[in-house]
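Biologist: Could you walk me through the metal sites of this model? I would like to look at it with you first.

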Amino acid sequence: MKITFLGHATLEIQINEFNLLVDPFISGNPMASNVDLDDLKPDFILITHAHQDHTLDVEKLAKDNNSLIISNFEIVSHFQNMGLNGHPMNHGGKWNFDFGELKYVNAIHTSTFPDGSNGGQPGGFIITSNNKSIYIAGDTALSYDMKLIPINYNLDLAILPIGDNFTMGYKDAIIASDFIECSRILGYHFDTFDLIEIDQKKAVEEFKKVNKELIIIKPTEHIII
Ligand code: NI
Ligand code: MN
């Protein structure tokens, strides 16, 4: 799997011949000004929750690329009502897509669309393909439910929010990495706005102190697992 960070909580994931885009928020993100929406060709768009900083570019990208939108029932219904393609899921459920197995898991957050309409409950994803599993937490607090994940999955990478204020901060992300039994963490959802600014160096050091790895990369940079 090739995982490219596109700023804030947006990820591009290449699995075999399939291109997945998670939580596209590019046109409204000055930190992602080097990302051209028209260069993105997602076969699948995964959405953790309905907030604007996770859904802003879904409509355009899905229309331009005939993408399959995967999220909770309410979010998928919202986009299906616009004539877009969707696959609804809900918490605890998994499905085998062409790119691999996808599970929609619990997150503690909210999920209202920018216009106030119902975006269901927020979630995260576990993608399993080619004998690798990654956990994309979405916007979430630290939660005891994370302890359920390693019962079924041996994670190779976890993508956790570290910006605090709207989600857990990096100190709670260290505890989360214990709960999910994964010591390799890609941090996201930080530094985009004043309210989620962090000391990146300190965050990386705090992980190191407990023999864990916090990976911080710039928009358009990628890691391969
Ligand atoms: Ni949010
Ligand atoms: Mn967010």
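Modeller: Here are some questions and answers on the metal sites and on a serine.

Modeller: A note first: this is a predicted model, where local features need pLDDT of at least 70, side-chain atom pairs count only at pLDDT 80 or more, and totals for chains, interfaces and linings use all residues. Residues are numbered from 1 along each chain as its sequence is written, chains are lettered from A and ligands numbered from 1 in the order in which they are written, and side-chain values use heavy atoms, with hydrogens and water left out.

Biologist: Which residues coordinate the nickel ion (ligand 1)?

Modeller: Donors are N, O and S atoms within 2.8 Å of the metal (3.2 Å for Na, K and Ca); water is not among the atoms, so sites may look incomplete. Along the chain the spacing of the nickel donors is H-x1-H-x57-H-x29-D. At 2.2 to 2.3 Å, the coordinating residues are His49 (NE2), His51 (ND1), His109 (NE2) and Asp139 (OD).

Biologist: What is the arrangement of the four donor atoms around the nickel ion (ligand 1)?

Modeller: Four donors count as tetrahedral if all angles lie between 85 and 135 degrees, and as square planar if opposite donors are over 155 degrees apart and all others between 65 and 115; anything else is irregular. Here the angles run from 88 to 177 degrees, so the arrangement is irregular.

Biologist: And which residues coordinate the manganese ion (ligand 2)?

Modeller: The donors of this ion follow the spacing D-H-x84-D-x49-H. At 2.1 to 2.2 Å they are Asp53 (OD), His54 (NE2), Asp139 (OD) and His189 (NE2).

Biologist: Which residue bridges the nickel ion (ligand 1) and the manganese ion (ligand 2)?

Modeller: The two ions are 3.1 Å apart, and one residue coordinates both. That residue is buried (under 20% relative accessible area; exposed is over 50%, partly exposed in between, with a 1.4 Å probe and protein chains only), at a relative accessible area of 2%. The bridge is Asp139.

Biologist: Is Ser71 buried or exposed?

Modeller: Ser71 belongs to strand 5 (residues 68-72); strands (E, at least two residues) are DSSP runs, as are helices (H or I, at least four), numbered from the N terminus. Beyond four places in sequence, its contacts (heavy atoms within 4.5 Å) include Val76, His87 and Phe125. With 0% relative accessibility, Ser71 is buried.

Biologist: Which residue's backbone oxygen does the side chain of Ser71 reach?

Modeller: The two atoms lie 2.6 Å apart. The partner of Ser71 is Ile47.

Definitions and conventions: A polar contact is a pair of N or O atoms within 3.5 Å; within protein, one must be able to donate a hydrogen and the other to accept it, and residues adjacent in sequence count only if both atoms are side-chain atoms. Four donors count as tetrahedral if all angles lie between 85 and 135 degrees; four count as square planar and six as octahedral if opposite donors are over 155 degrees apart and all others between 65 and 115; anything else is irregular.
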